[in-house]
Amino acid sequence: QVPLKPGRSLMDWIRLTKSGKDLAGLKGKLIEVTEDELAKHNKKEDCWICIRGFVYNVTPYMEYHPGGEDELMKAAGTDGTDLFDQVHRWVNYESMLKECLVGRMAVKPIAAPKEISSTLSEEKKQLNGMLPEKKVLGASAKDLTPSYDWFQTDSLITIVIYTKQKDMNAELVIVDCQDKRLRGEIIVDDHSYLVEVDLDHAVQEDLAVNIAEKVGKVEIILKKKDNIHWKMLGQPLEHHNTFIKCKDRGLFYRKCKLVSKMEVTHDTKLFCLMLPKSTHLRVPTGQHVYLKQIIAGTEVVKPYTPVLPFLPLDFKEPSHYDGAHIYLMIKIYSCGLFTQALDHLQIGNYISVSNPEGNFKKSQVQTSEDLFLLAAGTGFTPMVKLLNFALTEVSCLRIVKLIFFNKTDDDILWRNQLEQLVLKDERFEVQFILSQPSKDWVGKQGKISSSLLSEFVKRSRTDSKVLICICGPTPFAEQGVQYLKDLGYSQEEIHTFTA
Ligand code: FAD
Ligand code: NAD
């Protein structure tokens, strides 16, 4: 991110797009753009970029781009889809840049490869039990591709997915059923398998998911609305029966109901969202979701990291933490575009929540003896589930230490709970460090520095296996990683939470 000039925030951009100005520069016409034509528009003052087949005139957007003009210019006059996906694949540029639309790329006629056309014709067949596996991966990976089957009783439809993975668990299965549209996604390492069908008949709202962890079998059980015999499961949808890299799978959203909003500090609130009955979703430790709202007619998406409703002092999952709710601890910025809109949501209103994402692996903690958590401000959020997991499930850990950076003592999130946790578990320590302390503050002061880290991050033994997790404002995390490397910690010992 680069600092933007005043008057160049996302809200200012949204205002400009509503002003009626001709941002595409074509007086309302849409044209078909050839590759040669696109390539000609490669200067700052005349810059076109293609994203997913659509061409945008991004010159008016230059000064509003959070990544800076130079970043945008990397895609000038070319297909920028990969570049945009690499940086922020969740941002809906189609919505953000709709007023800059120049037109579509002209399609070059290409002969479809044989294999794809035969797969397509098979896909078009009605679904009736097993379909051939889609050949998305190479032959060697094919054996690992999950497959599915289905059967019915008078009242139930059961879809069985054979994941071919031993350690299946509830976090790796995401199921949604909206109207008659069923979507079941299975995460296998960095791949995603999808069953996506327009069901033959209507089903009831609630569904069940059973997982046989050892054999990797996942059952999705739907209740028929009418007890009639189904001739088939339904019509396959576009991405049905595909097994592709998670990063190539589009984000899927479902609408969740805001059920409560509680104050945590003067500017931070705990939002509780309820998943629909027809959704099975568990956000894994260390992962975030995206929230989506329409603000002034534009889709705006921001990432947030689910927490627990409180730090479980008795080290058991709280009984009302049932998987049907997602808790988010969110700081409301006084001039924040997204958080202001979020704060204005009423109890009972709905907001779209995506599938989880993130590259943190629990195994990183399971193999550690010393765990150091460096959090700044709301960078505390991923540490909540991580602390719970570390203290309840990882017996090899000898030290779990949170070093928590905030501006003032009023900003410290869950201070009381953290201090209680210190009393409950002798492996846990917490250190609060304030950058703008009041006169009464007797604790540590300052920002992240080499000397603070050399004082607080120390191996319990010279050969201890260490994991250091960092989360907070980007400069905080970047400086932290640099200081840790200077202190001799390796890249493998450091995990930074990012989007
Ligand atoms: P904007 O309109 O973008 O900005 C408003 C004001 O806030 C400006 O003054 C701006 O300078 C300041 N500001 C905005 N964004 C940042 C930032 N990232 N760092 C410092 N200052 C900023 N936030 C939470 O409160 N809880 C979470 O659980 C959480 N999880 C996140 C997970 C990930 C992976 C990432 C990348 C971010 C997370 N965030 C979280 C931050 C969140 O995504 C938004 O950036 C934040 O809510 C501000 O959005 P806004 O539209 O209200 O602010
Ligand atoms: P804040 O502005 O209140 O700052 C908290 C502390 O961070 C400060 O006291 C200071 O010690 C440190 N800090 C702030 N700016 C710094 C800088 N430029 N250099 C060094 N240290 C600095 O923090 P906030 O408003 O709560 O923001 C939290 C940040 O954490 C946001 O940027 C948010 O996007 C990020 N976040 C990221 C994730 C994630 O990637 N998974 C999750 C949650 C929050």
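Q: Where does the domain assignment place the domains of this protein?
A: This is a predicted model, in which local features need pLDDT of at least 70, side-chain atom pairs count only at pLDDT 80 or more, and totals for chains, interfaces and linings use all residues. Residues are numbered from 1 along each chain as its sequence is written, chains are lettered from A and ligands numbered from 1 in the order in which they are written, and side-chain values use heavy atoms, with hydrogens and water left out. Domain bounds come from an automatic or database domain assignment. For this protein the assignment gives domain 1 (10-105), domain 2 (147-248), domain 3 (253-357) and domain 4 (362-496).

Q: How many residues of domain 3 are in contact with domain 2?
A: The C-alpha centres of domain 2 and domain 3 lie 25 Å apart. Contact here means heavy atoms within 4.5 Å. On the domain 2 side 14 residues take part, and the number they touch in domain 3 is 13.

Q: Which residue of S12 is the bridge partner of Asn-210?
A: Strands (E, at least two residues) and helices (H or I, at least four) are DSSP runs, numbered from the N terminus, and two strands pair if DSSP finds at least two bridges between them. Strand S11 (residues 203-212) and strand S12 (residues 217-224) pair in the antiparallel sense over 7 bridges. Their hairpin has 4 residues between the strands, and Gly-216 takes a positive phi near 70° there. Across this pairing, Asn-210 is matched in S12 by Glu-219.

Q: Which strands are at the edges of the open sheet of 7 strands?
A: The order of this sheet is S19-S18-S22-S15-S16-S21-S20, with antiparallel pairing. An edge strand pairs on one side only, and that holds for S19 and strand S20 (306-307).

Q: Which residue is the bridge partner of Met-262 in S16?
A: Strand S15 (residues 253-263) and strand S16 (residues 268-274) pair in the antiparallel sense over 6 bridges. In S16, Met-262 finds its partner in Leu-270.

Q: What percentage of the exposed area of ligand 1 does the protein bury?
A: Around ligand 1 there are 18 residues, the closest being Lys-302, Pro-303, Tyr-304, Leu-337 and Thr-339; a residue counts as near if one of its heavy atoms lies within 4 Å. Polar contacts (N or O pairs within 3.5 Å) bring oxygen atoms of ligand 1 to 2.7 Å from a polar backbone atom of Pro-303 and to 2.8 Å from one of Leu-337. Accessible areas come from the Shrake-Rupley method with a 1.4 Å probe. Taken alone, ligand 1 exposes 910 Å², and the share the protein buries is 66%.

Q: Which elements give two or more residues to the shell around ligand 1?
A: One more polar contact comes from the side chain of Tyr-304, with an N or O atom 2.7 Å from an oxygen atom of ligand 1. The elements that each give two or more residues to this shell are strand S19 (298-304), strand S21 (325-331) and helix H8 (337-343).

Q: Which element gives the largest share of the shell around ligand 2?
A: Ligand 2 is surrounded by 21 residues, among them Tyr-333, and the side chain of Tyr-333 has an N or O atom 2.7 Å from an oxygen atom of the ligand. Taken alone, ligand 2 exposes 860 Å², of which the protein buries 76%. Strand S24 (399-406) and helix H13 (474-486) are the elements giving two or more residues to the shell. With 3 residues, the largest share comes from H13.

Q: Which domains each supply at least three residues to the shell around ligand 2?
A: A backbone N or O atom of Lys-407 lies 3.2 Å from an oxygen atom of ligand 2. At least three shell residues come from each of domain 3 (253-357) and domain 4 (362-496).

Notes
A polar contact is a pair of N or O atoms within 3.5 Å; within protein, one must be able to donate a hydrogen and the other to accept it, and residues adjacent in sequence count only if both atoms are side-chain atoms.
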